[in-house]
Amino acid sequence: MFDGYDSCSEDTSSSSSSEESEEEVAPLPSNLPIIKNNGQVYTYPDGKSGMATCEMCGMVGVRDAFYSKTKRFCSVSCSRSYSSNSKKASILARLQGKPPTKKAKVLQKQPLVAKLAAYAQYQATLQNQAKTKAAVSMEGFSWGNYINSNSFIAAPVTCFKHAPMGTCWGDISENVRVEVPNTDCSLPTKVFWIAGIVKLAGYNALLRYEGFENDPGLDFWCNVCGSDIHPVGWCAASGKPLVPPRTIQHKYTNWKAFLVKRLTGAKTLPPDFSQKVSESMQYPFKPCMRVEVVDKRHLCRTRVAVVESVIGGRLRLVYEESEDRTDDFWCHMHSPLIHHIGWSRSIGHRFKRSDITKKQDGHFDTPPHLFAKVKEVDQSGEWFKEGMKLEAIDPLNLSTICVATIRKVLADGFLMIGIDGSEAADGSDWFCYHATSPSIFPVGFCEINMIELTPPRGYTKLPFKWFDYLRETGSIAAPVKLFNKDVPNHGFRVGMKLEAVDLMEPRLICVATVTRIIHRLLRIHFDGWEEEYDQWVDCESPDLYPVGWCQLTGYQLQPPASQSSRESQSGSSKQKKKAKSQQYKGHKKKRKMPVGKKPVSLSSLPMTGGVRRSFSGDEELTPPPYRTLPAQTAPEAFPPPSTSREFSPSLKTVTALQLKEELIDGEDYHFLQGASDQESNGSANFYIKQEP
């Protein structure tokens, strides 16, 4: 093992960081006159007569349809672009290799007023060009420095079964020894030395060279799955020299004896660790595969898309009808939003037929077995029915759990659900959840677990009470026993750091923190941003990743927003906020983009009447009505990932997931007092306790 010990070395090079600048856009002038159009009076831009003007793009529309409480922007795209500006183009280009997407269309815009407002924006831009623009630099982000300086704890890799090495991470922990390049040496060849793991944060490990004892002077962070990390004995087998660091090379006269003493009984990586890392990063999805994916402009239907690229299991899908290949959608290959070709027809889901009559050369349908399987359900007995009430995470505002209604029962256990008070008359903003989805809950779930439930838009009898609402609407609650009650032993704890997808802009993966745990439901907070931008996510969501995942896969990580940039971006809006006198708390504004974040292409605004809710804000023709199909047998349940064999006698593998199920019978129920906010991994009685 120690035959590789030698006395020659080569210094490794350090990486350099770059600085980027950001331009600021001045707000529109507010001294424009009153405009008359078709006999109606509109004011600009205060909206006192029912209209408002976007401070970013200058478009004018109905004030109630505008974004955020302050009604300053027409869409989430403009809200983020207002504070992102020139930075967005370069960041998006680096990640996708394409220009930024177009801004979302404005809801209910008035042509004449829009032209005048656009002209005012043009005049303001000309005046602003004459001024000197201050450059804003973006400091490089380092997970190691971020964790060390704040004593943070990262979620272990074993919490993420979909991530590389998630099911075969083993007992890699502190005090595990590895062989790494020796950077404290001036010899002309690359040499190595043995280091021990001092602290583990996801894939990243804080390493300390053997011989430094309690001296952290040369400690360094490194990705354990990187190519320069090897198990002890690799140098001897590969003929690589082991050389002690120059700082301590005179500390001992017999380094070989020192290593034998230090490493006897110590743990190291398994010999095939690098092979397992490589195998776990092989993905079955390939470019040119065709899939059915949710239409980001109309959540009620799916469209055909083609896999453009695969990064760490995440797919960049381009809608098949996109001629310039810029109309895209990001998701993980295990996302419930993608399906095999023909899935929509098989269950009776709406589908937008492509104008392309035949497949393009090289494109082929993705094999159905590559998609995540849903749990098999029995719809022959008591089952969900149209009109039943429940609570659901709003897919267009993931920080809220809302009052919802089952609008359509599809085959194979799938349900079409609408948010009460925010639905379009034609049902074009319904969204599809499976009956076993962890994003739907029985009536009373929020009250029991002390979560704020968002009442229907316009509902005035507050505080909201389910008993009164069911009586007023003549509705019934969906039976509790039909909901998914499985709670895996996921391992997450409050305060753990991770990398999480901003599901309101799926291109972005951001530094995030687990701030609350309700059984299998996690509250994800994006570091540097206010709580209103938090998102509820399932513990097994493929949109959560360990610390260091972006570095491992080559994806771009969005750093936390700095306090100075956050204050400068939101200061003006905060000054205009009214006192907390409003009773209704509806859909909150989405976050503004910090320095270094890419532009947004998915935005939405929940609307009443005939206006459609979508990811993009665009308005299109109403899709064709649903086609009712008979129920079909659900596909075979997807087997849980199996644990790998033991790496070595000194390393143990992770035990299998421990799933608990609470079987509840009966129809009468009442709220369980004193059992709310049970932040644990157990199933407990977190739904509604049944009457005996």
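Author: Two strands count as paired if DSSP finds at least two bridges between them. The model above is a predicted one, and strand E26 is a suitable place to apply this definition. E26, residues 509-518, and strand E30, residues 557-558, are joined by two bridges and run parallel. Within that pairing, Ile509 has Leu557 in E30 as its bridge partner.

Reader: In which sense do E26 and strand E27 pair, parallel or antiparallel?

Author: E26 and E27 (residues 521-526) pair in the antiparallel sense, over six bridges. One position to inspect is Ile517, which stands opposite Leu522 in E27. The two strands form a hairpin with two residues between them, and His519 there takes a positive phi near 65°.

Reader: How many bridges join strand E25 to E26?

Author: Five bridges join E25, residues 496-501, to E26, and these strands run antiparallel. Here Glu499 has Val511 in E26 as its bridge partner. In general, side chains along a regular strand alternate between the two faces of the sheet.

Reader: How many of the residues of E26 are buried?

Author: A residue is called buried when its relative accessible area is under 20%. By that cut-off, nine of the 10 residues of E26 are buried, and the strand is mostly covered. For the whole protein, 55% of the 692 residues count as buried. The protein exposes about 31200 Å², of which carbon and sulfur atoms supply 51%.

Reader: How many helices and strands does the secondary structure hold?

Author: The protein has 12 helices and 33 strands. One may then ask how far along the chain its contacts reach. Among contacts between residues at least 6 apart in sequence, 68% join residues at least 24 apart.

Reader: Which residues touch the most other members of the largest nonpolar core?

Author: A nonpolar core is read as a set of buried nonpolar residues joined through side-chain atoms within 4.5 Å. The largest one holds 72 residues, and Trp169, Phe273, Phe492 and Ile524 touch the most other members. Leaving aside neighbours within four places in sequence, Ile524 is in contact with residues including Leu498, Ala500, Ala512, Val514, Val537 and Leu544. Apart from this core lies another, of 58 residues, among them Tyr319, Met333, Met388 and Leu521.

Reader: How should charged pairs be read, and how many salt bridges are there?

Author: The test is a side-chain nitrogen of Lys or Arg within 4 Å of a carboxyl oxygen of Asp or Glu. The count by this rule is 30 salt bridges. One of them joins Asp327 to Lys296, with the closest N and O atoms 3.2 Å apart. Asp327 lies in the loop between strands E13 and E14, and Lys296 in the loop between strands E11 and E12, so the pair ties together parts that are 31 residues apart in sequence.

Reader: Are these two residues buried or exposed?

Author: Asp327 is buried, with a relative accessible area of 14%. Lys296 is also buried, at 3%. Another pair, Glu321 and Lys352, forms a salt bridge whose closest N and O atoms are 3.6 Å apart. This pair links distant parts of the chain, with Glu321 in the loop between E13 and E14 and Lys352 in the loop between strands E16 and E17. Glu321 is partly exposed, with a relative accessible area of 24%, and Lys352 is partly exposed at 22%.

Reader: Which residue forms a salt bridge with Lys481?

Author: The partner of Lys481 is Glu382, and their closest N and O atoms are 2.8 Å apart. Lys481 sits in the loop between helix H10 and strand E24, while Glu382 sits in the loop between E17 and strand E18, 99 residues apart. Lys481 counts as partly exposed at 35% relative accessibility, and Glu382 is partly exposed with a relative accessible area of 35%. Salt bridges that share partners also join Asp295, Lys296, Arg297, Arg301, Arg303, Glu321, Asp327 and Lys352 into one network.

Reader: How many disulfides are there?

Author: A disulfide is a covalent bond between the sulfur atoms of two cysteines. The count here comes to zero. Why does Cys168 form no such bond? Its closest cysteine sulfur, in Cys225, is 9.0 Å away, which is too far for a bond. Cys168 counts as buried at 11% relative accessibility, and Cys331 counts as buried at 3%.

Definitions and conventions. Residues numbered from 1 in each chain as written. Predicted model: local features only at pLDDT ≥ 70, side-chain atom pairs only at ≥ 80, totals over all residues. Heavy atoms only, no water. Helix = DSSP H or I, 4+ residues; strand = E, 2+ residues; numbered from the N terminus. Buried < 20%, exposed > 50% of the residue type's maximum accessible area, 1.4 Å probe, protein only. Contact = heavy atoms within 4.5 Å. Areas by Shrake-Rupley, 256 points an atom, 1.4 Å probe, with all protein chains shown as cover. Disulfide = S-S within 2.5 Å.
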